[in-house]
Each structure stands twice: as structure tokens, then as C-alpha cells.
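Visitor: I'm new to this structure and would like a close look at a single part of it. Could you pick one spot, stay with it for a while, and then show me what lies around it?

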Amino acid sequence: MKLALLQSVLIQRGDQMPPVLVSAIAGRSIEVVDYTIVAEKATTVQFLSNTTPLVSGVYFAANGGASASSDGGLMVTTLGQALQISTSSGVLGGHLSYRIV
């Protein structure tokens with residue numbers, strides 16, 4: 001089994017910020033292994049493979065948050081697609097770890 005290098009990115013998103021967390025890489029996928037998110041306002045958050053949802057909307061109450069972790073991976077993008085995040089309102093903060101597979 002080939003191990004991929006773990007990388008991380010800050011999650012800083014608001015209404016006017018671009019949704020891309022990790023840019024697409026031709027012929028490769030992005031596998032999320034952990035994340036922590038805090039929401040300023042009540043909102044629904046989605047992780048996306050380009051524009052296709054990887055998880056159904058996750059609801060956060062104002063000042064709410066969540067974290068998840070799995071060495072086996074939580075979600076993975078389609079080959080050659082960017083990892084994006086969307087929020088229905090407010091500002092998101094946090095971080096995410098991923099590997100290119």
C-alpha cells in the first residue's frame with residue numbers, strides 16, 4: 001500500500017470568498033482525512049467535488065462546530081476535480097487535512 005503525504009489547508013469562507021479548498025489535479029483525487037469547522041451563523045455546509053456534493057448538507061447552529069477524522073478517509077473527490085466547500089450563510093473557520101490519491 002502506497003502512503004500519500006498528508007497536507008492541510010485552512011477553512012476560511014464567507015459569502016464573498018471562493019469555494020475552492022484544494023485545486024484539482026489532473027488524474028488524481030483529493031481524499032479528506034479530517035476536518036474541524038466552526039460556523040459564525042446558523043448555516044448548512046457542504047463539501048463538494050467541483051459542484052457535486054460529497055456529503056448531504058450538514059447543519060450548524062450559530063457558533064456551532066464539528067470535527068471528524070478517519071485514517072481511512074472521510075470523503076474523496078472524483079478524479080481531476082477540486083475540493084470545494086459551500087455555506088448557506090455566514091463565515092466558516094477551521095482546518096482540513098487531506099492527501100492526493
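Guide: Let's start at Phe47, which is buried, with a relative accessible area of just 4%. Keep in mind that you're looking at a predicted model. Phe47 has a ring partner: its ring and that of Tyr35 have their centres 5.1 Å apart, with the planes at 50°, so the pair counts as tilted. By the rule used here, the count comes to 1 aromatic pair. Tyr35 sits in strand β3 and Phe47 in strand β4, so the pair ties together parts that are 12 residues apart in sequence. Tyr35 is buried too, at a relative accessible area of 14%. Both values fall under 20%, and that's why each of the two gets the label "buried".

Now for the empty space beside these rings. Rolling a probe the size of a water molecule over the atoms shows where empty space is left. A search of the whole structure turns up 1 cavity of 30 Å³ or more, and the volume of the largest cavity is about 30 Å³. Which residues line the largest cavity? They are Tyr35, Ile37, Val45, Phe47, Val55, Val58 and Phe60, so you'll spot both members of our ring pair in that list. The elements giving two or more residues to this lining are β3 (30–39), β4 (43–49) and β6 (58–60). As for chemistry, the lining divides into 7 nonpolar residues, with no polar and no charged ones.

From here, walk along the strands that hold the two rings. Strand β4 also holds Thr43. Is Thr43 buried or exposed? Thr43 counts as buried, at 2% relative accessibility. Its side chain makes a polar contact with the side chain of Thr87, at 2.6 Å. A polar atom of the Thr43 side chain also lies 3.1 Å from the backbone oxygen of Ser89. Not counting residues up to four places away in sequence, Thr43 touches Val58, Tyr59, Phe60, Thr87, Ser88, Ser89 and Leu92. Two of those names should ring a bell, as Val58 and Phe60 are among the residues lining the cavity.

Over in strand β3 you'll find Asp34. Asp34 is buried, with a relative accessible area of 19%, so Asp34 makes the cut-off, which is under 20%. Leaving aside its neighbours within four places in sequence, Asp34 is in contact with Ala68, Ser69, Leu74, His95, Leu96 and Ser97. And how far is Asp34 from Val58? From C-alpha to C-alpha they are 15 Å apart in space, and 24 residues apart in sequence.

Strand β3 has another link worth a look, through Ile30. The backbone nitrogen of Ile30 lies 2.9 Å from a polar atom of the side chain of Thr77. Where is Thr77? It lies in the loop between β8 (75–76) and β9 (83–87). Even though it's in a loop, Thr77 counts as buried, at 4% relative accessibility. A polar atom of the Thr77 side chain lies 3.5 Å from the backbone oxygen of Gln81 as well. If you set aside neighbours within four places in sequence, the contacts of Thr77 are Ser29, Ile30, Leu48, Ser49, Leu54, Ala82 and Leu83.

Next, the loops that follow two of our cavity-lining strands. Most residues other than glycine have a negative phi. Asn50, in the loop between β4 and β5 (52–53), has a positive phi of about 55° although it's not a glycine. Asn50 counts as partly exposed, at 28% relative accessibility. The loop between β6 and β7 (65–69) holds Asn63, whose phi is near 60°, again a positive value in a residue other than glycine. Asn63 is exposed, with a relative accessible area of 65%.

One last stop takes us to Ala4, in the segment before β1 (7–13). Ala4 is partly exposed, with a relative accessible area of 29%. Leaving aside its neighbours within four places in sequence, Ala4 is in contact with Arg99 and Ile100. Ala4 and Pro19, by comparison, are 15 residues apart in sequence and 24 Å apart in space, going from C-alpha to C-alpha.

Definitions and conventions: Residues are numbered from 1 along each chain as its sequence is written. This is a predicted model: local features need pLDDT of at least 70, side-chain atom pairs count only at pLDDT 80 or more; totals for chains, interfaces and linings use all residues. Side-chain values use heavy atoms; hydrogens and water are left out. On a 1 Å grid over the protein atoms alone, a cavity is a set of points where a 1.4 Å probe fits but cannot get out, and a pocket is an open set with protein on both sides within 12 Å along at least five of seven lines; lining residues have an atom within 4 Å of a point. Grid points are joined across faces, edges and corners, and a volume is the space filled by probe spheres set on the points. Helices (H or I, at least four residues) and strands (E, at least two) are DSSP runs, numbered from the N terminus. Ala, Val, Leu, Ile, Met, Phe, Trp, Tyr, Cys and Pro count as nonpolar, Asp, Glu, Lys and Arg as charged, and the others, Gly among them, as polar. Buried means under 20% relative accessible area, exposed over 50%, partly exposed in between (1.4 Å probe, protein chains only). Contact means heavy atoms within 4.5 Å. A polar contact is a pair of N or O atoms within 3.5 Å; within protein, one must be able to donate a hydrogen and the other to accept it, and residues adjacent in sequence count only if both atoms are side-chain atoms. Rings of Phe, Tyr and Trp (its six-membered ring) pair if their centres lie within 6.5 Å; planes under 30 degrees apart count as stacked, over 60 as edge-to-face and the rest as tilted.
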